[in-house]
Structure formats: structure tokens, C-alpha cells
Amino acid sequence: MSELNAKLRSLPARIFKNMNRKMPASPVKSAPRDPREWIKLAREKFDLLPMRTQELMDRHELVPDANAVVFFKDDIEREAGVTLERLAANPEPAAIAQAIDEIIRWLTVSQCAHAHREGLYFAHAEPHMAQQWERIIWPIIKEEDFTSTLELACGHGRNTEFLRRFAKSIDVIDVNQVCVDACRERFGSQRDGCSFRYRVTSGNQLPVESSSISFGYSWDSMVHFDKLVVRDYVFEFARALKPGGSAFLHHSNYGTIAPNSSWTKNHGNRSDMTAELMREYVKEAGLAIKFQRLSGRADGWGIDDLDCLTLLFKPVAS
Ligand SMILES: C[S@@+](CC[C@H](N)C(=O)[O-])C[C@H]1O[C@@H](n2cnc3c(N)ncnc32)[C@H](O)[C@@H]1O
């Protein structure tokens, strides 16, 4: 021991000085809400991150000064800020991977909200609704209890127009205030015995009370939602549905071809969601599948097995 002490004493003083000097704090500690700092750190530690995170970053072209990150920086900071602050306390690879998920969640929500704020989609899509309803949707949902319906991502209400004929009340929800306003203008607060409530979501929440909904519905919208966002919504349906209630969700299956990809770059702007992931999320959330099938050219989409139609339900506790 005394030999070791003697050796230590003989080391030059500057070595001790360097050992005691503090390592510079990671920039995510000084700017924890800034997605660019997290992406910079993730690129520095790239080889230490899980393969899934590496693939997510590459397929979303996540670099610190990517145009999309710069453009949506404020939105990401607003929605992801609290989580990023928490993760910045210990920015190890596992925390960096979580931060990247959080950034992708809110980047894709912001992109999708922005893409649908205005445009010709709503007018173009309206004339196709009757046929889609009769041929594809109604045969799957006709046995469900529409009493208190929730429609997620309503757009300008072409689906609401059909749902209102069977529902007593509809919670009409969208991430865009302009879409909710368009529906309010179209349907008002009451129409033919159905009452309407209008709500804006932050992008992954259902702003309704727990166990208040008998039927959830979303058509031609979740196809664009990143799998992280779809998972959030599945858990929200688990909370919002009454026991025995069900939800019909039209979502992407394109993740089988392009896992961990960005909806903005894929065929038909489909996300990285899959039928199999939906079955996993449903199970994790304590829900069950009543019906599921793939949807492709026969339903009017460009390629086979592009999408998936899932009818899930909340089991009645035994
Ligand atoms: C392609 S439009 C479809 C609208 C409607 N379902 C229809 O069939 O006409 C997509 C809709 O999803 C909404 N949206 C996008 N991201 C959302 C999100 N994260 N949560 C809720 N709504 C979202 C958009 O504002 C838009 O109204």
C-alpha cells in the first residue's frame, strides 16, 4: 500500500489537476428542450444507441439542422419539453433513445397537423365517402353500439355525416382547430337527435372522460400517424371506452415494407405502423381484437396490403 502511495505521490501534479477538472456539461443539460441538441448528442453517440433508434434516425433523416426539425422546433419543444427535461438529468444511451422517440412523436404530429390545415383534400375526398362507407366500413361496424361515438381526426366531417345517423352523441376531435370549426359549422350542436361536442387534441390524446365512449372511429387519418402516435391513441381508447365498447381504426400496414420510416416519405404518405404492431398495442393496452383485415387495391388504395382495418374492443371485467 505504501508503495502505491509513493507511486501516486511521484505522479506530476498536472495529472491530478486534470483528473479534478470537471467534464464540460452536455449541451442537453443547458438546453434540455431543444431537439437539435438531442439529435446532435445522438449523432455523437450513434454507435451506442439501439439499432431501432439508429434506423429511426436515418429513415427520418434526423440531423440537427434538418429543415423539418428547425421548422417545427417550437412545436416539439412545447409538447416534448417536459419529457426532454426529465431525460436530460442523465443523458445515457437509453435516455437518448427515449428522447429520439419523443422528438419523432412530436415532429410527425406537427408535420401531419400542418399538412392538413388547409388544402384540396377535403373537397376531393367527400364524393368518395358514400361508396367507402357502404362497401368497406358499414359491413365491419354495423353491429356496434353507436350511442356515444367518438370520431378521431374528423377533417371536414364527411364521416361524421354518416356516423350522426346512428349516434346519440359524437365527440368530434381533430388536431387542427380549422377542421373542428368546419365540422361545427356543418353540424352545429344538434342535428336530427344527435348532439355534437367539438374538441381539439394536442395530437396523441382523446380529450374525453374515461369510460364514456361506446364507439370510437377513425378513417383515412391514422394511416399517416407514426406508430408511436398510434400506440398512444390505442392506450387512450383503452381509457376512454366503456367496458364492452369498441373502436374501428383504419391504419397503415406499410411498416411491413418500411419499418421505422417517416410517413412523409412513404407511398401514399403511409406511416410505419403495421397490423401486427396493432395487435401488440391492443394486447398491451388490455384491449382485444374483434376483427382485423388488410386493405389494398380492392378498397381503392394504390397497392395491396397497404392499410389495415382493425375493430378492437374493451373487454367487460369479469
Ligand atoms: C386525410 S385527413 C382525413 C379526415 C377525415 N377522417 C376524412 O376521412 O375526411 C387527416 C385528418 O387527420 C387530422 N390529424 C392529423 N394528425 C392528427 C393527430 N395527431 N391527431 C388528430 N388528428 C390529426 C388532420 O387535421 C386531418 O383532419
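In this predicted model, the hairpin formed by S3 and S4 has 2 residues between its strands, and one of the residues in this hairpin, Asp-192, takes a positive phi near 50°. The two strands of the hairpin, S3 (residues 190-191) and S4, pair in the antiparallel sense, with 2 bridges holding the pairing. Arg-191 sits opposite Cys-194 of S4. S4 has another partner too: strand S2 (residues 169-174) runs parallel to S4 (residues 194-200), and 6 bridges join the two. Within that parallel pairing, Val-172 has Tyr-198 in S4 as its bridge partner.

Asp-192 is a bit of an oddity in its backbone angle, and a general point helps here. Most residues other than glycine have a negative phi. Two loop residues also go against that habit. Glu-61, which is not a glycine, has a positive phi near 50°. Glu-61 is found in the loop that links helix H5 (51-59) and helix H6 (67-71). With 13 other C-beta atoms within 10 Å, Glu-61 is partly exposed, because a residue needs 20 or more such neighbours to be buried and 12 or fewer to be exposed. Asn-269, again not a glycine, has a positive phi of about 55°. Its loop runs between strand S6 (241-252) and helix H14 (275-284). Asn-269 has 16 C-beta neighbours inside 10 Å, so it too counts as partly exposed.

Now for the helices, two of which are not straight. Helix H7 (residues 73-87) is 15 residues long, yet the C-alpha atoms at its ends are only 18 Å apart; a straight helix, at 1.5 Å a residue, would reach 21 Å. H7 has a kink of about 70°, centred on Ala-80. Ala-80 is also among the buried residues of H7, together with Ile-76, Glu-79, Leu-84 and Leu-87. The cover over these buried residues includes helix H4 (35-44) and helix H8 (93-115).

Helix H10 (residues 129-141) tells a similar story. H10 has 13 residues, but its end C-alpha atoms lie only 15 Å apart, short of the 18 Å expected of a straight helix at 1.5 Å a residue. The bend in H10 is about 35° and falls at Arg-135, with a proline, Pro-139, following within four residues.

Zooming out, the protein has 14 helices and 8 strands. Its C-alpha trace spans about 90 × 50 × 40 Å along the principal axes. Of the 318 residues, 42% count as buried. Among contacts with a separation of 6 or more, 69% are between residues 24 or more positions apart.

That leaves the nonpolar interior. As a general matter, nonpolar side chains in soluble globular proteins tend to be buried together. The largest nonpolar core here has 72 residues, and the members that touch the most others are Trp-38, Ile-100, Ile-103, Leu-150 and Val-230. H8 gives the largest share of this core, 10 residues. Both domain 1 (22-115) and domain 2 (123-313) give residues to the core, so the core lies between them. Trp-38 makes a good place to look in more detail. Leaving aside residues up to four places away in sequence, Trp-38 touches Val-28, Leu-84, Ile-96, Ala-99 and Ile-103. One of these, Leu-84, is a buried residue of the kinked helix H7.

How values were computed:
Residues are numbered from 1 along each chain as its sequence is written. This is a predicted model: local features need pLDDT of at least 70, side-chain atom pairs count only at pLDDT 80 or more; totals for chains, interfaces and linings use all residues. Two strands pair if DSSP finds at least two bridges between them. The expected span of a helix is 1.5 Å times one less than its number of residues. The bend at a residue is the angle between axes fitted to the seven residues ending there and the seven starting there. Two residues are in contact if their C-beta atoms, placed from the backbone, lie within 7 Å. A nonpolar core is a set of buried Ala, Val, Leu, Ile, Met, Phe, Trp, Tyr and Cys residues joined through C-beta atoms within 7 Å. Domain bounds come from an automatic or database domain assignment.
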